[in-house]
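Trainee: Could we go through this structure together, starting with how its helices pack?
Mentor: Gladly; have the sequence and the model open beside you.

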Amino acid sequence: MTQNRRIAVDVMGGDFGPSITVPAALDVMSRHPRLELVLAGDASKIEPLLEANKADRQRIEVLHCKQTISSDDKPEGILRSGRGSSMFLAIEQVQKQLAGACVSAGNTGALLLAGRHLLKTIPGIEKPAIMATIPVTRSGGYSYLLDVGANLHNTHTELFGFARMGALVATSLSGRSPCRVALLNNGEESSKGTAVIQDAARLLSACQDFEYIGFIEGNQIFSGRADVIVCDGFTGNITIKVSAGAVTAMKRQIQRSISKHWYYRIFSWILSPLFSDLRKEVEPTRYNGATLIGLQGIVVKSHGHADRTGFSRAIEHAIKQINDNVPALIASRMAADPVSH
């Protein structure tokens, strides 16, 4: 990696804690010989896992702390009484430039608040956003959706800022340039949408940072038409959760249908390679790792339910952004061409 080669991991975050996060971090470390880790959490739970996995201790620092921010805690509590938590300390490593990025599967609201408090937003960016990876219908393809929950409401200039940041991050993670950017709307016609959407479209149409392709409807999100899809945080959060629920419902319906008749089970066995490929294409862990963009530092949010493979993918996202120094790219672009109101 060209920048800071250390990643701070909040190992206590998520539904499974160190039993998943520590082995996942070690998996990534084995693939990147120059990578170093700062593991923030309860040392009594971390050390046995390091020993069991025969970890290279010269490349690992354990930042011991007992406090954990749970998914049930109120996010604002991290600023009042959670400064000794694994999440806060992991982000603080980035603030002090002791790590190039932070990865956590913990409380999203708390992660956002601590990130904004410690790292601050990039000059010219009004609000940070959470950018998620979503599968698309083309084989092995994926797009990016933002904001998926950092904000309830957004202005047209904020949506414009999301598009510019999203295009830069998408180029870093996938190499796509120029990115195709679309606005999520209730229709493709130029007359559709709220005043905020219309004003954002005007700004996007005049921007040369990416290829703006216009409005996209909800049923086209997974089509692959756009590399980056922009919406307000309220809409994006509902969209991403409905999508995950639809995938789960589809998988369960297939399982129920197969179990109904013996000949369905025979056909399912014959078609098992096809089902295996389909599962891989829509498996949420494959797309795990949402980036908190707009901060003066790299913070990647893993899904709380992520397994070992999923959490390792979130860390890989952080590595790619460190390599390209994404916050600096965004800051440079914003300084050169501020958002027009």
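Mentor: A term to settle beforehand is the axis, a line fitted to C-alpha atoms, for helices over the stretch in contact, with angles running from 0 to 180 degrees between N-to-C directions. Two packed helices are described by the angle between their axes and the distance between the axes. The model is a predicted one, in which local features need pLDDT of at least 70 and side-chain atom pairs count only at pLDDT 80 or more, while totals for chains, interfaces and linings use all residues. Residues are numbered from 1 along each chain as its sequence is written, and side-chain values use heavy atoms, with hydrogens and water left out.

Trainee: How do the axes of α6 and α11 cross?
Mentor: The axes of α6 and helix α11 (residues 308-324) come within 9 Å and cross at roughly 105°, which makes α6 roughly perpendicular to α11. Angles of 65 to 115 degrees earn that label, whereas those under 35 count as roughly parallel, those over 145 as roughly antiparallel, and the rest as oblique. Helices here (H or I, at least four residues) and strands (E, at least two) are DSSP runs, numbered from the N terminus.

Trainee: And which residues make the contact?
Mentor: With contact meaning heavy atoms within 4.5 Å, α6 contributes V169, S172 and L173, and α11 contributes H317, K320, Q321 and D324. By class, the contact of α6 with α11 has two nonpolar, three polar and two charged residues, where Ala, Val, Leu, Ile, Met, Phe, Trp, Tyr, Cys and Pro count as nonpolar, Asp, Glu, Lys and Arg as charged, and the others, Gly among them, as polar.

Trainee: Sticking with α6, what should its residues span?
Mentor: The 19 residues of α6 (residues 156-174) should span 27 Å at 1.5 Å a residue, and the end C-alpha atoms are 26 Å apart, which agrees; the expected span is 1.5 Å times one less than the number of residues.

Trainee: How many of its residues are buried, and what follows α6?
Mentor: In α6, 17 of the 19 residues are buried, meaning under 20% relative accessible area, with exposed over 50% and partly exposed in between (1.4 Å probe, protein chains only). The helix is followed by G175, whose phi is positive, near 80°.

Trainee: What about α1 and α2, how do they cross?
Mentor: The axes of α1 (residues 18-31) and α2 (residues 43-52) come within 10 Å and cross at roughly 45°, and the two helices are therefore oblique to each other. Their contact is made by P18, S19, V22 and L26 of α1 together with K45, I46, L49 and L50 of α2, and these residues divide into six nonpolar, one polar and one charged.

Trainee: T21 is in α1 too; is T21 buried or exposed?
Mentor: T21 is buried, with a relative accessible area of 2%, and, leaving aside neighbours within four places in sequence, T21 is in contact with D10, V11, G13 and F311.

Trainee: Switching to backbone oddities, where is the cis peptide bond?
Mentor: A cis peptide bond joins L146 and D147, with omega about 0°, and D147 sits in the loop between β6 (142-146) and α6.

Trainee: And which residue in the loop between α2 and β3 should I look at?
Mentor: Look at K54, in the loop between α2 and β3 (60-64): its phi is near 50°, a positive value in a residue other than glycine, and K54 is exposed, with a relative accessible area of 77%.
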